[in-house]
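Please work through the following exercises with the sequence and the model at hand. Each task is followed by a solution in steps.

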Amino acid sequence: MRYEVTDDDTAVRLGSGDVPVLATPRLIAWLEAATVRAAVPFLGTGQTSVGTAVRVEHLRATRVGGEIEVTAEPPAAPAGRRLTFAVRAVDGSGQVVATGEIERAVVDRQRFLTPPPGPGAGR
């Protein structure tokens with residue numbers, strides 16, 4: 001997945017810093033989007049995945065107008081309902097911008113969205 005850094009993606013705009021470069025929260029959102037897409041082959045009917053852990057090192061600044069390509073490598077052997085993706089972001093010059101892991105859990109969509117019973121339920 002490719003992105004171009006805009007003013008809306010900067011640390012200044014997102015409140016995560018005071019310089020007009022790619023904000024870490026936006027970068028993580030892009031990396032997570034790549035894991036959502038990469039998780040699809042591991043999902044059964046009625047299932048979705050939800051993020052559970054993020055371990056990312058943001059190594060290099062990217063200015064407005066810069067291009068970023070993000071990738072998520074699926075696990076070779078999934079561990080039950082947990083999927084751990086190796087993630088990476090590379091800029092237009094081929095420099096590594098970020099690297100790390102993002103974990104997702106496979107869940108039943110309907111069950112996940114159903115609110116828990118309130119106090120006294122089932123009595």
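**Exercise 1. Strand pairing.** Determine in which sense β1 and β3 pair, and over how many bridges.

*Solution.* In this predicted model, β1 and β3 pair in the antiparallel sense, over 3 bridges. One residue pair to locate is E4, whose bridge partner in β3 is E67. Next, follow β3 to strand β4 (residues 82-91): the two run antiparallel and are joined by 6 bridges. Here E69 has V90 of β4 as its bridge partner. From β4, continue to β5, which is joined to β4 by 9 bridges and also runs antiparallel to it. R82 stands opposite A105 in β5. Finally, strand β5 (residues 96-108) pairs with strand β2 (residues 47-58) in the antiparallel sense over 11 bridges, and G51 stands opposite R104 of β5.

**Exercise 2. A hairpin.** Identify which residue takes a positive phi in the hairpin of β4 and β5.

*Solution.* Start with the connection: the hairpin has 4 residues between the strands. Then inspect G94, which takes a positive phi near 90°.

**Exercise 3. The two faces of β3.** Assign the side chains of strand β3 (residues 67-73) to its faces.

*Solution.* The general principle comes first: side chains in a regular strand alternate between the two faces of the sheet. In β3, I68, V70 and A72 point to one face and are buried. E67, E69, T71 and E73 point to the other face and are not buried.

**Exercise 4. An aromatic pair.** Classify the geometry of the aromatic pair formed by Y3 and W30.

*Solution.* The count of aromatic pairs comes to 1. Y3 and W30 form this pair, with 4.2 Å from centre to centre and 0° between the planes. The pair counts as stacked because planes under 30 degrees apart fall in that class. Y3 lies in strand β1 (residues 2-4) and W30 in helix α2 (residues 24-39), 27 residues apart, so the pair links distant parts of the chain. W30 is buried, at a relative accessible area of 7%.

**Exercise 5. Buried or exposed?** Decide whether T10 is buried or exposed, and do likewise for L113.

*Solution.* T10 is found in the loop between β1 and α1 (11-14). T10 counts as buried because its relative accessibility is 3%, under the 20% limit. Leaving aside residues up to four places away in sequence, T10 touches V19, P20, V21, A23 and V64. L113, in helix α3 (residues 109-113), counts as exposed, because its relative accessibility is 59%, over the 50% limit.

Notes:
Residues are numbered from 1 along each chain as its sequence is written. This is a predicted model: local features need pLDDT of at least 70, side-chain atom pairs count only at pLDDT 80 or more; totals for chains, interfaces and linings use all residues. Side-chain values use heavy atoms; hydrogens and water are left out. Rings of Phe, Tyr and Trp (its six-membered ring) pair if their centres lie within 6.5 Å; planes under 30 degrees apart count as stacked, over 60 as edge-to-face and the rest as tilted. Buried means under 20% relative accessible area, exposed over 50%, partly exposed in between (1.4 Å probe, protein chains only). Contact means heavy atoms within 4.5 Å. Two strands pair if DSSP finds at least two bridges between them.
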